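I opened my notebook for a new chain today, and these entries follow the order in which I looked things up. Have the viewer open beside you and come along.

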Amino acid sequence: MAEDVQKHSVHTLVFRSLKRTHDMFVSDHAKPVALDETSHKVKMAAKLRAEYSSILHMPVLKEGRDKDHMLDPYSMGYSDPGANPEYLITGTHPYPSGPGIALSADTQMLKMPSEGGAHSLALTLPPSQARQDASRTAASVGDIHRHAGGPERSMPPQHSMSLLEAGGTKSTTMVPRKAPTMPKPQWHPPWKLYRVISGHLGWVRSIAVEPGNQWFVTGSADRTIKIWDLASGKLKLSLTGHISTVRGVAVSTRSPYLFSCGEDKQVKCWDLEYNKVIRHYHGHLSAVYGLDLHPTIDVLVTCSRDSTARVWDIRSKANVHTLTGHTNTVATVKCQSAEPQIITGSHDTTIRLWDLIAGKTRATLTNHKKSVRSVVLHPRQYTFASGSPDNLKQWKFPDGNFIQNLSGHNAIINTLAVNSDGVLVSGADNGTIHLWDWRTGYNFQRIHAAVQPGSLDSESGIFACTFDNSESRFITAEADKTIKVYKEDDTATEESHPVNWKPEIIKRKRF
């Protein structure tokens with residue numbers, strides 16, 4: 001009777017297969033790869049073009065000669081010093097030139113051109129692409145120094161270029177270049193807390209200022225929306241209707257409407273003449289975390305924990321587009337009239353720029369390593385910033401080209417705001433506020449306001465912030481159930497609060 005075949009686990013069989021494969025090829029492991037003649041020729045042709053293009057028109061060997069007499073591209077000499085090849089005169093030479101005329105017995109003795117001949121040859125050579133590039137690079141570094149207020153180079157770029165053209169030995173690569181430095185930041189007066197407004201019974205999660213700058217609105221975890229007088233800080237009105245935390249509020253500039261959204265999946269439109277809900281926008285499958293109004297058309301965009309953003313027609317309540325592509329909660333959304341008209345940030349660490357007409361992604365920015373909870377658009381420049389625990393980053397529209405990192409706010413960034421003066425505010429989950437100079441990324445002030453008496457120390461967090469329309473005040477919505485209002489310190493001067501700035505070398509870091 002035949003013996004039973006021994007059974008092995010899949011793991012053992014796979015391991016044995018790997019071992020057999022390894023044993024089969026182990027003898028070839030250290031063997032060099034065979035030289036491919038075609039790829040070698042392509043490589044050498046590219047090397048000749050890149051490194052010797054400026055002298056390729058100099059005297060060459062007649063075609064059909066033996067390969068031993070070919071010009072060696074590595075030594076730039078002849079491989080056989082005893083050989084006596086015939087020349088074709090094709091360019092500048094110490095002797096009278098004539099295309100196709102062979103040298104005589106006397107002139108053949110001169111194997112290398114004299115120093116004078118080499119110098120005259122250098123004078124007649126056209127400027128190579130590499131030289132022109134070097135000149136352009138030098139000029140741009142000079143521009144950086146000029147803009148940074150640094151000293152000018154002792155020799156302007158044009159002069160060094162003329163030296164090169166004259167066949168001089170000076171090379172731009174030999175000039176010691178200073179690394180480009182960060183320009184000095186603009187001075188901004190410090191901001192100080194001047195009002196604390198209480199009234200909500202839960203975390204204050206969202207905030208918006210109305211276009212006339214008379215009042216502002218807040219949404220809270222106590223499920224209410226409250227309207228406050230901006231000048232006095234007094235409560236004007238409370239709106240109830242949401243059955244969970246109100247996560248987003250926005251006031252229309254085109255109609256007397258207020259929009260709100262919350263963790264109850266609801267998106268509501270309130271008529272402020274009657275203080276009643278007049279429209280609901282149904283469709284999100286989970287909590288709605290943010291919303292924004294398009295500045296020029298009657299369109300509302302909301303973002304949700306269901307990983308989508310939705311575009312709504314305000315009047316008809318129709319869900320015009322469902323913007324899909326994010327793989328986790330979409331935490332923030334912003335609209336603008338220029339392309340891309342919609343920008344979203346998500347807990348999947350990406351930022352997406354959307355084509356509103358097609359309802360599709362134009363670009364996906366993957367530089368952040370952690371959740372993007374806030375995005376803010378600059379009011380004047382065609383740029384925007386995003387906030388994440390790893391970094392604040394600035395980007396350029398329309399394609400989302402990276403500008404710079406703003407490092408130092410090491411916390412969960414819940415909110416960003418920026419004004420026309422170039423003051424960027426970042427508010428974090430741990431209650432800290434950092435103020436930055438937009439252009440240079442210099443952090444000129446840090447604030448950690450005391451929590452409201454009666455609140456736990458752990459309830460120190462900034463959930464939302466915004467500048468009012470005069471941009472002289474900014475308002476924060478906080479975890480201690482208060483709203484805090486800050487203004488610029490009118491008494492501060494550049495002498496009393498100097499910029500503590502050192503010209504650091506710019507780090508060319510992309511991520």
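**Entry 1: a hairpin.** I began with a hairpin that joins β12 to β13 through five residues. I noted first that this is a predicted model. Strand β12 covers residues 288-293, and six of its six residues are buried. Its partner β13, residues 299-304, pairs with β12 in the antiparallel sense over five bridges. I looked for one facing pair and found Leu293 opposite Leu300 in β13.

**Entry 2: another hairpin.** Next I turned to β20 and β21, which form a hairpin with five residues between them. These strands, residues 374-377 and 383-387, run antiparallel and are joined by four bridges. Which residue of β21 is the bridge partner of Ser374? I found Gly387 there. I also checked which way the β20 residues point: Ser374 and Val376 go one way, Val375 and Leu377 go the other way, and all are buried.

**Entry 3: the whole chain.** I stepped back to count elements and got five helices and 30 strands. The chain has 511 residues, of which 43% count as buried. I then asked for the exposed surface, and it came to about 28200 Å², with carbon and sulfur atoms supplying 54% of it. For contacts between residues at least 6 apart in sequence, I noted that 47% join residues at least 24 apart.

**Entry 4: nonpolar cores.** Which residues have the most contacts inside the largest nonpolar core? My list reads Trp191, Val425, Ile433, Leu435 and Phe474, in a core of 15 residues. I traced this core to its strands: β25 (423-428), β26 (433-437), β27 (442-447) and β28 (462-467) each supply at least two residues. Apart from this core I found another, of 13 residues, and Cys269, Leu291, Leu293 and Leu300 are among them. So the facing pair from my opening entry, Leu293 and Leu300, turns up again in that core. As background I jotted down that nonpolar side chains tend to be buried together in soluble globular proteins.

I stayed with Phe474 and left aside its neighbours within four places in sequence. Its contacts include Trp191, Val425, Ile433 and Leu435, and also Thr466, Phe467, Lys484, Val485 and Tyr486.

**Entry 5: rings and charges.** I searched for aromatic pairs and counted 12. One aromatic cluster is formed by Tyr382, Phe384, Trp395, Phe397 and Phe402. I then looked for charges over rings. Arg205 lies over the face of Phe463, at 4.1 Å from the ring centre. The charged end of Lys487 sits over the ring of Tyr194, at 4.8 Å from its centre.

**Entry 6: two single residues.** Is Ser206 buried or exposed? I count Ser206 as buried because its relative accessible area is 5%, and the cut-off for buried is under 20%. Ser206 lies in strand β4, residues 204-209. Not counting residues up to four places away in sequence, Ser206 touches Val217, Thr218, Gly219, Val246, Arg247, Gly248, Val249, Ala464 and Ala477.

My last look was at Asn275, in the loop between β10 (267-271) and β11 (276-280). Asn275 counts as partly exposed, since its relative accessibility is 32%. Leaving aside neighbours within four places in sequence, I found Asn275 in contact with Leu237, Leu239 and Trp270. Asn275 and Leu237 are 38 residues apart in sequence, while their C-alpha atoms are 9.0 Å apart in space.

Terms used: Residues numbered from 1 in each chain as written. Predicted model: local features only at pLDDT ≥ 70, side-chain atom pairs only at ≥ 80, totals over all residues. Heavy atoms only, no water. Phe/Tyr/Trp six-rings, centres within 6.5 Å; stacked < 30°, edge-to-face > 60°. Lys NZ or Arg CZ within 6 Å of the ring centre and 35° of its normal. Core = buried A, V, L, I, M, F, W, Y, C linked by side-chain atoms within 4.5 Å. Buried < 20%, exposed > 50% of the residue type's maximum accessible area, 1.4 Å probe, protein only. Contact = heavy atoms within 4.5 Å. Areas by Shrake-Rupley, 256 points an atom, 1.4 Å probe, with all protein chains shown as cover. Pairing = 2+ DSSP bridges.
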